[in-house]
Amino acid sequence: MIERSPFFDALTYAVMIIGLILVVIPFWVVIVAASQSLQEVSRVPISLLPSDQLWANLSEAWARADLGPKMLNSFIVAIGVTIGKITLAAMSAFAIVFFNFKARMICFWLIFITLMLPLEVRIVPTYAIAANALLPFQVILDTFGISWLVQAVSGIQVSLNWNLLNSYTGLILPLVATATGTFLYRQFFMTIPDELAEASKMDGASAMEFFRDVLIPLSRTNMLALATIMFVGSWNQYLWPLLITTDRANFGTVVMQLKALIPAQNGTPDWNVTMAGALIIMLPPLLVVAFMQRWFVRGLISRDK
Amino acid sequence: MAQITIKGVKKNYAKTAVIHGVDVNIEAGEFVVILGPSGCGKSTLLRMIAGLEEISGGEIAIDGTVVNQLEPRERGCAMVFQNYALYPHMTVRQNIGYSLKVAKLPKAERDARVMKVAQSVSLEPFLDRRPGELSGGQRQRVAMARAMVREPKVFLFDEPFSNLDAKLRVAMRAEVRRLHRDLGVTSVFVTHDQTEAMTLADKLIIMNAGNVEQIGKPTEVYNNPASRFVADFIGSPAMNLFEGEFDAEGQFMHGTGGKMNVSQLNGVRVPGRKVVLGVRPEGVRRTGADTHGAIPAVVDYVEELGASRLIHADANGSRIVALDNDTAEIKSGTPVHLSLADSALHLFSLEDGRRISH
């Protein structure tokens with residue numbers, strides 16, 4: 001839309017600048033507070049000019065919240081979830097778009113419906129499964145009397161157990177399922193002409209070869225866009241890691257550590273350290289978005305031909 | 001080189017039948033063109049040969065092997081698609097060599113074969129470009145090279161030139177003809193463009209509504225159309241077709257009381273028999289009013305073709321088109337007299353449209 005009136009121009013700029021200020025101010029406060037000393041940060045009203053204590057605060061936060069190992073945990077989880085989500089999304093969309101099987105639409109709608117069931121909604125059953133990932137199978141065996149039969153015949157009591165609590169698997173696996181990703185991939189795959197699939201068939205390629213040699217390279221921008229969202233999303237996960245890790249020392253993530261940085265009720269109100277910690281913790285997703293935004297926008301809006 | 005035998009082949013989608021039983025024999029090394037209007041099932045037939053569509057009934061054999069249950073890659077066919085279907089992210093070299101890569105050929109041999117094929121369609125300068133950086137004609141050549149590199153038993157072409165401009169189409173036609181002469185591979189070519197069909201085919205298959213109307217050499221099909229449909233479909237400008245019947249004297253009555261003297265159709269002039277009389281525009285000539293059997297008509301308009309012209313006229317309610325080489329101006333509304341050349345008459349049954357031989 002092109003409007004050539006000075007008033008309209010001014011209005012759009014005004015809206016844009018207000019929006020920008022709204023977004024930037026919290027960041028600015030964090031940066032400023034993180035650079036001040038305890039005295040400065042406690043002053044009312046707070047000064048909006050940065051001071052010179054940034055490095056000291058950062059190292060204090062780093063040490064206090066044990067951010068080194070936690071950072072590693074967070075990276076393992078975020079990268080694991082991102083890779084898992086992309087793989088799963090690409091493959092399930094591939095099945096839905098390129099194979100003509102009877103339950104195709106049912107599968108698609110089942111996946112689609114899970115959009116309405118985020119982890120928070122189904123967190124109790126998900127926790128139950130994470131506590132014993134083989135529980136559903138156990139239930140099936142019990143219901144159909146198979147475990148009883150096995151016990152009667154061989155005397156072995158069937159008791160399946162696979163505990164995912166306090167493990168990377170447990171942190172990653174339940175977050176991997178993604179309807180958004182599948183949907184995004186489906187939309188992309190549907191733009192690929194049938195002739196391309198047929199040409200690869202004529203060239204003698206199997207379905208998986210077509211997937212690997214044609215679809216994956218073609219969906220590169222899509223994949224990067226998805227990776228960006230997924231990385232940021234899983235980095236920011238708070239509830240699930242909090243629930244599944246009782247062994248915080250070994251399996252805690254940085255976002256959980258934010259809690260440890262908030263001053264205790266009667267402790268020193270050193271918000272400067274808290275802010276420095278927050279700064280460190282929000283840095284990785286910020287960098288990922290900054291580096292990927294070119295691909296991100298391209299992957300979501302248009303595609304390069 | 002391979003022979004293709006198509007026996008009673010049918011295709012149904014759910015409950016709708018789109019091909020009703022086709023029987024065709026394609027000799028080894030033959031260039032066969034399947035021609036028909038859109039929706040006649042010609043592409044479906046081709047795709048059944050390729051293995052991209054399941055065969056609902058009958059069987060297709062390539063080189064004596066029934067291929068109904070074989071995967072496309074096991075049939076030894078290569079296909080050129082209408083929209084080229086090149087892999088957009090691969091270079092021309094990778095596009096051409098992809099089938100060899102899938103077949104796990106060593107890289108050196110792959111490169112050598114890609115190079116050889118690229119040379120034969122003059123693509124060497126473009127080997128490292130992507131399809132997006134090529135013109136339509138070049139993309140088409142890449143698609144053909146990709147088919148050729150596998151050294152298939154059969155080439156299948158699915159309306160490959162429909163996205164090219166007229167000039168390029170003629171050039172590509174010549175190229176396909178040359179490649180077929182050089183390689184001698186059995187080829188099946190689907191098109192709705194009759195000029196393309198006539199110039200390329202050793203054998204022409206005319207299809208309509210899921211049935212084969214006629215199979216024959218292009219000249220055979222042109223000179224002896226087996227049905228009203230073929231007569232109407234083949235030839236540009238289209239054949240004049242008059243619906244009518246013979247009267248007691250054996251005159252052909254048509255339109256609003258028009259009569260034509262067709263004494264050459266001896267033996268089939270049964271009074272009262274309802275027929276369709278066909279004559280190509282080149283079989284209709286302007287004559288003087290006193291010529292025996294001249295048909296009076298009124299000029300509607302004249303279509304200039306450059307070297308000749310077409311006179312569209314009305315003869316007692318029937319439209320008639322005549323090819324005329326005269327250059328003198330004719331205004332619309334002018335009365336003219338036309339005569340039909342003896343050898344150029346075709347007769348079809350009005351009932352089922354089949355040819356009535358005479």
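A residue counts as buried here if 20 or more other C-beta atoms lie within 10 Å of its own. Keep that in mind as you move around this predicted model.

**Stop 1: helix α11 of chain A**

Select residues 194-202 of chain A, which form α11. This helix is mostly covered, with seven of its nine residues buried. Colour them to see the stretch: A:Leu196, A:Ala197, A:Glu198, A:Ala199, A:Ser200, A:Lys201 and A:Met202 are the buried ones.

What covers them? Show the surroundings of the buried residues of α11(A), and you will find elements from chain A and chain B. From chain A, the cover includes α4 and α12. From chain B, it includes α1 (42-50) and β6 (77-80). Just to finish the helix, click on A:Gly204, which follows α11(A) and has a positive phi, near 90 degrees.

**Stop 2: where chain A meets chain B**

Now widen the selection to the contact between the chains. It takes 15 residues from chain A and 17 residues from chain B. On the side of chain A that touches chain B, the elements giving two or more residues are α11 and α12 (207-218) of chain A. The helix from the previous stop, α11(A), supplies the largest share, six residues. Colour this side of chain A by class and you get eight nonpolar, one polar and six charged residues.

**Stop 3: the nonpolar cores**

Next, look inside. The largest nonpolar core has 136 residues, and those with the most contacts inside it are B:Ile34, B:Ile49, B:Leu156 and B:Ile205. Which helix gives the most to this core? Select residues 67-98 of chain A: that is helix α4, which contributes ten residues.

Zoom in on B:Leu156 for a closer view. Leaving aside neighbours within four places in sequence, B:Leu156 is in contact with B:Leu46, B:Ile49, B:Ala50, B:Cys77, B:Met79 and B:Val188. One of these partners, B:Ile49, is also on the list of residues with the most contacts in the core.

Another core lies apart from the largest one. It has 19 residues, among them A:Ala34, A:Val255, A:Trp271 and A:Ala276.

**Stop 4: the two domains of chain A**

Colour chain A by domain. Domain 1 takes in residues 1-64 + 262-298, while domain 2 covers 72-239. The centres of these two domains, taken over C-alpha atoms, are separated by 36 Å. Where they touch, eight residues come from domain 1 of chain A and eight from domain 2 of chain A. On the domain 1 side of this contact you will find seven nonpolar residues, no polar ones and one charged.

While you are in chain A, select A:Asp52, in the loop between α2 (38-42) and α3 (54-64). Is A:Asp52 buried or exposed? It is exposed, because just 10 other C-beta atoms lie within 10 Å, and a residue counts as exposed at 12 or fewer. For a distance to try in the viewer, pick the C-alpha atoms of A:Asp52 and A:Asp247: they are 195 residues apart along the chain and separated by 36 Å.

**Stop 5: chain B as a whole**

Hide chain A and zoom out. Chain B has eight helices and 20 strands, and its C-alpha trace spans about 80 × 45 × 35 Å along its principal axes. Of its 358 residues, 41% count as buried. Among contacts in chain B between residues at least 6 apart in sequence, 66% join residues at least 24 apart.

Chain B is also assigned two domains: domain 1 (4-232) and domain 2 (238-349). Their C-alpha centres lie 40 Å apart. Five residues of domain 1 of chain B are in contact with seven residues of domain 2 of chain B. By class, the domain 1 side of that contact has two nonpolar, one polar and two charged residues.

**Stop 6: a five-stranded sheet in chain B**

For the last stop, display the open sheet with the order β15-β19-β16-β17-β18 in chain B, where the pairing is antiparallel. Why do β15 (284-287) and β18 (318-324) of chain B stand at the edges? Each has a single partner strand, so one side of each is left without a neighbour in the sheet. Turn the sheet to follow its twist, which averages 50 degrees from one strand to the next.

Finally, select β16 (residues 295-304) and β19 (residues 335-340) of chain B, an antiparallel pair joined by four bridges. Here B:Ala297 stands opposite B:Val336 in β19(B).

Definitions and conventions: Residues are numbered from 1 along each chain as its sequence is written. Chains are lettered from A and ligands numbered from 1 in the order in which they are written. This is a predicted model: local features need pLDDT of at least 70, side-chain atom pairs count only at pLDDT 80 or more; totals for chains, interfaces and linings use all residues. Domain bounds come from an automatic or database domain assignment. Two residues are in contact if their C-beta atoms, placed from the backbone, lie within 7 Å. Ala, Val, Leu, Ile, Met, Phe, Trp, Tyr, Cys and Pro count as nonpolar, Asp, Glu, Lys and Arg as charged, and the others, Gly among them, as polar. A nonpolar core is a set of buried Ala, Val, Leu, Ile, Met, Phe, Trp, Tyr and Cys residues joined through C-beta atoms within 7 Å. Two strands pair if DSSP finds at least two bridges between them. Axes are lines fitted to C-alpha atoms, for helices over the stretch in contact, and angles run from 0 to 180 degrees between N-to-C directions.
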